[in-house]
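Me: Got a minute to go through this one with me? I'd like to talk about how the parts fit together.

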Number of protein chains: 2
Amino acid sequence: MVDAANPIRFGILGCAEIARKLCRAITLAPNATVVAVGSRSLDKAQRFIADNGLPPATRAYGSYEAVLDDPAVDVVYLPLPTSLHERWAVAAAERGKHVLLEKPTALCAADLDRILEACRSRGVQFMDSTMWMHHPRTARMKELLSDPNRFGQLKTIHTIFTFCGDPDFLQNDIRVKPDLDALGALGDVGWYCIRSVLWAADYELPKTAIAHHGSVKNRAGVILSCGATLVWDDGKVATFHCSFLSHLTMEVSVVGTRGTLHLSDFVIPFEETTAKFRFATDSGFKELVTGWLPLPSEHVISTDLPQEALMILEFSRLAGSIRDSGCKPDEKWPTITRKTQLVLDAVKESIEKGFEPVSITG
Amino acid sequence: MVDAANPIRFGILGCAEIARKLCRAITLAPNATVVAVGSRSLDKAQRFIADNGLPPATRAYGSYEAVLDDPAVDVVYLPLPTSLHERWAVAAAERGKHVLLEKPTALCAADLDRILEACRSRGVQFMDSTMWMHHPRTARMKELLSDPNRFGQLKTIHTIFTFCGDPDFLQNDIRVKPDLDALGALGDVGWYCIRSVLWAADYELPKTAIAHHGSVKNRAGVILSCGATLVWDDGKVATFHCSFLSHLTMEVSVVGTRGTLHLSDFVIPFEETTAKFRFATDSGFKELVTGWLPLPSEHVISTDLPQEALMILEFSRLAGSIRDSGCKPDEKWPTITRKTQLVLDAVKESIEKGFEPVSITG
């Protein structure tokens, strides 16, 4: 059984900034531990282990291959640039490692499919590293959205995720480099917008994506800012906007026939141990005077572990049930990832086609 | 001087539901009073006066004409269906009455221009009845948006105004009738979205409007739900969504390079005497742990008078300065109205053209 005495053993491929946060999360999760860190430079791996307070016994490797060759590694966490995901996620799966993959998971769905196929054929768990999915707030919001008496029928979703990259970011970050993260803002922050739309729509794929006019690319053709409308057959409509050029903003509005959900920090909550959202049901205006009746209510959700540690907990639980109990991988996570990537691909194609509608097919 | 002893005297044309709210507002404003109410039915006008606690001396008229003929009427408030606006607003202006016109102000900019021309040539004040413009919160938000150190450069605006019409509304309300309010949800709730976008952009007209796919019309062709992207030459982008088919929702997000403004009740505040908004400047993520630094701040603005009374106060101040001091009408208000109508027209045209981009020209 997976527990503190028999934890899931993580190997980290690459010493990206985000790996430091995940390293802390693995340390916080009671069923997981870091056993190996691999970098193209042994020195960098050693420094990462020291800087992040990992036990001296943690193995440092001067190559990614060496982490995959380590039989004590159960799971590989992969925060490499997107263009390297297919190669290393497939290699990890082929050596029987479970794969926790940073987003965007791949440059296109065809690449992702090769990763997912490798995981499927070796029976390893796949999950993308979308932390907010694992916050208890997310489950609580879903309860309300699923209640026909409080929310009614889903009609529309609007979501924004932007942050303002400084000149150094816009010049040098891997997320603006065509050979490293060619999806730019769409892959980085747009990923979360698209995921939140699919989450709200119970992962029903929209039929069509139409990118919004006004998208911005850098000289190398990498998307710095864009948005899109997503349309379903039943009349549901979603829009999103994502950008590296605007101040940090993170709004989600989900609107049904009887209720409205809103939050302003869906990807990274304002605070680690509590998170809020606003929900209104059957609100109307007061007669004659100014005001709403009933007022929206504010919900506050507490969590002992930060969302990233809860993600590690869940991933390790699944990996452990395979390792120790012979269970099969949970198909929910790769399915969600694939749908996110399909929508992302369609938005990108729509931008490339001059904002023409693009059909989304599973 | 306009004051309680010498107030601006309102005549109300039509006894629409919204007129009751405005009637209370006129009563609350210290520089205004209702002196006449006109309806197609004298009985209805009399009942309106009694039901709304107006003094018995208030004159009831069985026609709109009679209100315009009353020399004691300074100002006409016009809450009639949109298709009647041009006729009655022009008639009022031609008799030297100042015109406070419900939104949407006209079926198209050409109609509006005839109203504005009539007001201009007779030297009467024109204003559309967009109440939230007059809330002190609006001015406070504008201060922050105008501060380059706190907000930076405007990049993007997103706004939603929806409410869920019940079956009776969707069948019988004037706002879904092609001969009365042919602009439907775009004219009714979309008006506020477009106004908020223009307000945030300092009334700089966008260059292009592109309606979003997924708009809904009723059988008579009246818009029940739609959205659009607005694009400026300098790269600013706005999107909005408006609908009669979704639960009451009223979000505005205004995002600059250094700041984000958000509020969830921009048209009608949750409460009459206080209103809030959230503003963040130079926010980033905490290192390693989950959280924002600095957190957005919540601003609370109090007001003694509700926003609709403040609108009456301002309109009466302007009308009074013309009546009593020979001033010229304030050009700000008709200019704002016209820009709102121009964008609205472009969005409608884009829907009619199958979501093609439509240029907006002043």
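What follows is a chat about the domains, the chain contact and a few local details of this predicted model.

Me: Let's start inside one chain. Which domains is chain A divided into?

Reply: Chain A has domain 1, made of 8–132 + 324–330, and domain 2, made of 136–306 + 341–359. Their C-alpha centres lie 27 Å apart. The contact takes 19 residues from domain 1 of chain A and 23 residues from domain 2 of chain A.

Me: And how much area do domain 1 and domain 2 of chain A bury between them?

Reply: About 1800 Å², with 59% of it on carbon and sulfur atoms.

Me: How many salt bridges and polar contacts go between those domains?

Reply: The count is 3 salt bridges between domain 1 and domain 2 of chain A. The rule also finds 12 residue pairs in polar contact across that interface, both residues being at pLDDT 80 or more.

Me: Which elements of domain 1 of chain A give two or more residues to the side that touches domain 2?

Reply: Those are α1 (17–28) and α5 (109–122) of chain A. The most comes from α1(A), with 3 residues. By class, that side of domain 1 of chain A has 10 nonpolar, 5 polar and 4 charged residues.

Me: Which side chain does E272(A) meet in a salt bridge?

Reply: That of R24(A), at 2.8 Å, N to O.

Me: What about R20(A), which partner does its side chain have in a salt bridge?

Reply: R20(A) meets E17(A), at 3.2 Å, N to O. Both sit in helix α1 of chain A, and because they are 3 residues apart there, about one helical turn separates them.

Me: How many salt bridges does the structure hold over all chains?

Reply: 60 over all chains.

Me: Switching to the two chains. How many residues does each give to the contact between chain B and chain A?

Reply: Chain B gives 60 residues and chain A gives 60 residues. The area buried between chain B and chain A is about 5000 Å², and carbon and sulfur atoms give 65% of that.

Me: Which residues of chain B lose the most area to chain A?

Reply: H247(B), F270(B) and T290(B), which together make up 16% of what the chain B side buries.

Me: And the polar side of the story between the chains?

Reply: Between chain B and chain A the count is 2 salt bridges. In a salt bridge of 3.0 Å, N to O, the side chain of R20(B) meets that of E287(A). There are also 26 residue pairs in polar contact between chain B and chain A, with both residues at pLDDT 80 or more.

Me: Which elements of chain B each supply at least two residues of the side that touches chain A?

Reply: Among them are α1 (17–28), β7 (154–164), β10 (223–231) and β14 (274–281) of chain B. β12(B) gives the most, with 10 residues. The whole chain B side that touches chain A has 22 nonpolar, 24 polar and 14 charged residues.

Me: New topic, rings. How many aromatic pairs does the structure hold?

Reply: 24 over all chains. One of them is F163(A) with F244(A), a tilted pair at 5.2 Å centre to centre and 45° between the planes.

Me: Where in the chain do F163(A) and F244(A) sit?

Reply: F163(A) is in strand β7 (residues 154–164) of chain A, while F244(A) is in the loop between β11 (237–243) and β12 (245–256) of chain A. They are 81 residues apart, so the pair links distant parts of the chain.

Me: Any backbone oddities to look at?

Reply: A couple of cis peptide bonds, for a start: the one from K103(A) to P104(A) has omega near -10°, and the one from L293(B) to P294(B) also has omega near -10°.

Me: Where is P104(A) found, and where does P294(B) lie?

Reply: P104(A) is in the loop between β5 (98–101) and α5 of chain A. P294(B) lies in the loop between β16 (292–293) and β17 (297–302) of chain B.

Me: And what's phi of D202(A)?

Reply: Phi of D202(A) is near 50°, a positive value in a residue other than glycine. D202(A) lies in the loop between α9 (190–200) and β8 (208–211) of chain A.

Technical notes
Residues are numbered from 1 along each chain as its sequence is written. Chains are lettered from A and ligands numbered from 1 in the order in which they are written. This is a predicted model: local features need pLDDT of at least 70, side-chain atom pairs count only at pLDDT 80 or more; totals for chains, interfaces and linings use all residues. Side-chain values use heavy atoms; hydrogens and water are left out. Domain bounds come from an automatic or database domain assignment. Contact means heavy atoms within 4.5 Å. Buried area is the accessible area (1.4 Å probe) that two parts lose on being put together, summed over both. A salt bridge is a side-chain nitrogen of Lys or Arg within 4 Å of a carboxyl oxygen of Asp or Glu. A polar contact is a pair of N or O atoms within 3.5 Å; within protein, one must be able to donate a hydrogen and the other to accept it, and residues adjacent in sequence count only if both atoms are side-chain atoms. Helices (H or I, at least four residues) and strands (E, at least two) are DSSP runs, numbered from the N terminus. Ala, Val, Leu, Ile, Met, Phe, Trp, Tyr, Cys and Pro count as nonpolar, Asp, Glu, Lys and Arg as charged, and the others, Gly among them, as polar. Rings of Phe, Tyr and Trp (its six-membered ring) pair if their centres lie within 6.5 Å; planes under 30 degrees apart count as stacked, over 60 as edge-to-face and the rest as tilted.
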